[in-house]
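Here are my notes for someone opening this one up for the first time. Have a look at the picture, then go through the points in order.

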Amino acid sequence: MRIFEQLESRVRGYVRSFPVIFQSAKGAIMTDTSGREYIDFFAGAGTLNYGHNNDRISQALIEYIQKDGPIHGLDMATVAKQRFLTKLNDTILLPRNLDYKVQFTGPTGTNAVETALKLARMVKGRSNVVAFTNAYHGLTMGALAITGNNFYRDEAYISRSNVSFMPYDGYFGPDFNTIDFLRKMITDNSSGLDLPAAVILETIQAEGGVNIASPQWLRDLAQLCYDFDILLIIDDIQVGNGRTGDFFSFEESGIKPDMVTLSKAIGGGLPLALLLFRQDLDQWKPGEHTGTFRGNNLAFVASYEALHYWDNMDLSNAVAYKSDVMRTEIQKIADRFPELEATVRGRGMIFGLEIPERGFCSQISERCFQNGLIIELAGADDQVLKFLPSLTMDEETLLKGISIIAQSIEELLEEKKANLTGAM
Ligand SMILES: Cc1ncc(COP(=O)(O)O)c(C=O)c1O
């Protein structure tokens, strides 16, 4: 590991949680240089929904390179892009009656978010944007300004003007209607809230701790946006791409956002980010918002193959089935260790196990890694263990992964008891 410590900036993060050198990865399993295998419950933070080195995707990439398909083309037309756009339209947009334009941005999620904010502000001629408590939208300056957690928001970085944070669904508990609160803030001329160009949110705040907005809350928010001519932007970067069982996370609620950001798994494991928006919002001048790596041709090839998972309902049905398995098994962990006072929440194949004791989730993640499982944390204080397996993970591996978590918790609690007895 010496070269990483010597040369790579202190900013490196995940390598600290998972301090081995990975050599290969296939499906749901990552293997390190000593041949040790790890079940992956992290899936590249939601990038590897179709697993590592998915056969179909890998094969298409190999063939594309062997045939000297253009790798880079700025936003020039290529066959790879043509096929991707056609597939996206035919398989995802048209069947859902979504009449969106597609804009390719720089290749990571935060680029799509920046683009959405810029376009919304330009179209509406208003600078303010509403974001929500516990939101995570990326770490470039515009996206950072609408990200809640102050770990990332050093005072020195940026003026946080033009953003108003409002309470997300459930922020004040189940009995407080945060849409009523927002409506009051918007209608009251003296609330101090400038009418926003847009409201931006995740339907499930993944990094924020697996906080789930209810379908009714989303519908009420969409109505509120409509009433006041505010654009509704859904950031589906982490929980879109099938994570909830539908391709888009908002489908269950029936809302039609004005804009949708997509990245992570849309690239089939390769860097790709895009913005979908209503046709009438397409008010850019040609070349007004550019970037060298807009639309990565290898990612188009990978994504084209990945989108075949949406030709029928098989993947959706499998996610629904595995979602039930996850809910039952994770709840069993919460029930088995009542002293943790753990709560379980989730939708589709994203789940959170919240444990109030500070630092305990990070101990679990560390122990899980020693026991052969990769799992990350979420929430303002890393108080949530975030389950994010690939959507294609088989049931046996899923169950094995969850059992490693139960075993790791048991070991930690037993050690804690032994330490306490030893100290007496
Ligand atoms: C909802 C959401 N938006 C935006 C981002 C930023 O994406 P990226 O890290 O690719 O810039 C993330 C990353 O985790 C995310 O979860």
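1. A word on counting elements: helices (H or I, at least four residues) and strands (E, at least two) are DSSP runs, numbered from the N terminus. On that basis the protein has 13 helices and 17 strands. Its radius of gyration, taken over C-alpha atoms, is 22 Å, close to the 22 Å from the globule rule (2.2 Å times the number of residues to the power 0.38) for 424 residues, so the protein is as compact as a globular protein of that length. Along the principal axes, the C-alpha atoms fill a box of roughly 70 × 60 × 45 Å.

2. Bear in mind that this is a predicted model: local features need pLDDT of at least 70 and side-chain atom pairs count only at pLDDT 80 or more, while totals for chains, interfaces and linings use all residues. Residues are numbered from 1 along each chain as its sequence is written.

3. Now the ligand. It is surrounded by 15 residues (C-beta atom, placed from the backbone, within 6 Å of it). The closest are T108, G109, T110, G138 and Q238. Helix α6 (residues 109-124) gives the largest share of this shell, 3 residues. By class, the shell holds 5 nonpolar, 7 polar and 3 charged residues. Here Ala, Val, Leu, Ile, Met, Phe, Trp, Tyr, Cys and Pro count as nonpolar, Asp, Glu, Lys and Arg as charged, and the others, Gly among them, as polar.

4. On to helix packing, starting with α5 (residues 79-93) and α10 (residues 297-306). Their axes, lines fitted to C-alpha atoms over the stretch in contact, come within 8 Å and cross at roughly 40 degrees, with angles running from 0 to 180 degrees between N-to-C directions. That makes α5 oblique to α10 (under 35 degrees is roughly parallel, over 145 roughly antiparallel, 65 to 115 roughly perpendicular, the rest oblique). The crossing is left-handed (near helix turned anticlockwise from the far one by less than a right angle; clockwise is right-handed). A80, K81, R83, F84 and K87 of α5 meet N297, F300, V301, S303 and Y304 of α10 (C-beta atoms, placed from the backbone, within 7 Å). These divide into 5 nonpolar, 2 polar and 3 charged.

5. Helix α10 also packs on α4 (residues 55-66): the axes come within 9 Å and cross at roughly 145 degrees. This crossing is right-handed. From α4 come R56, I57, A60, L61 and Y64, and from α10 come L298, V301, A302, E305 and A306. The contact has 8 nonpolar, no polar and 2 charged residues.

6. Last pair: which way do α8 and α9 run relative to each other, roughly parallel or roughly antiparallel? The axes of α8 (residues 178-187) and α9 (residues 215-227) come within 10 Å and cross at roughly 10 degrees, and the two are therefore roughly parallel. Their crossing is right-handed. I179, L182 and R183 in α8 meet W217, D220, L221 and L224 in α9, a set with 5 nonpolar, no polar and 2 charged residues.

Methods
Contact = placed C-beta atoms within 7 Å.
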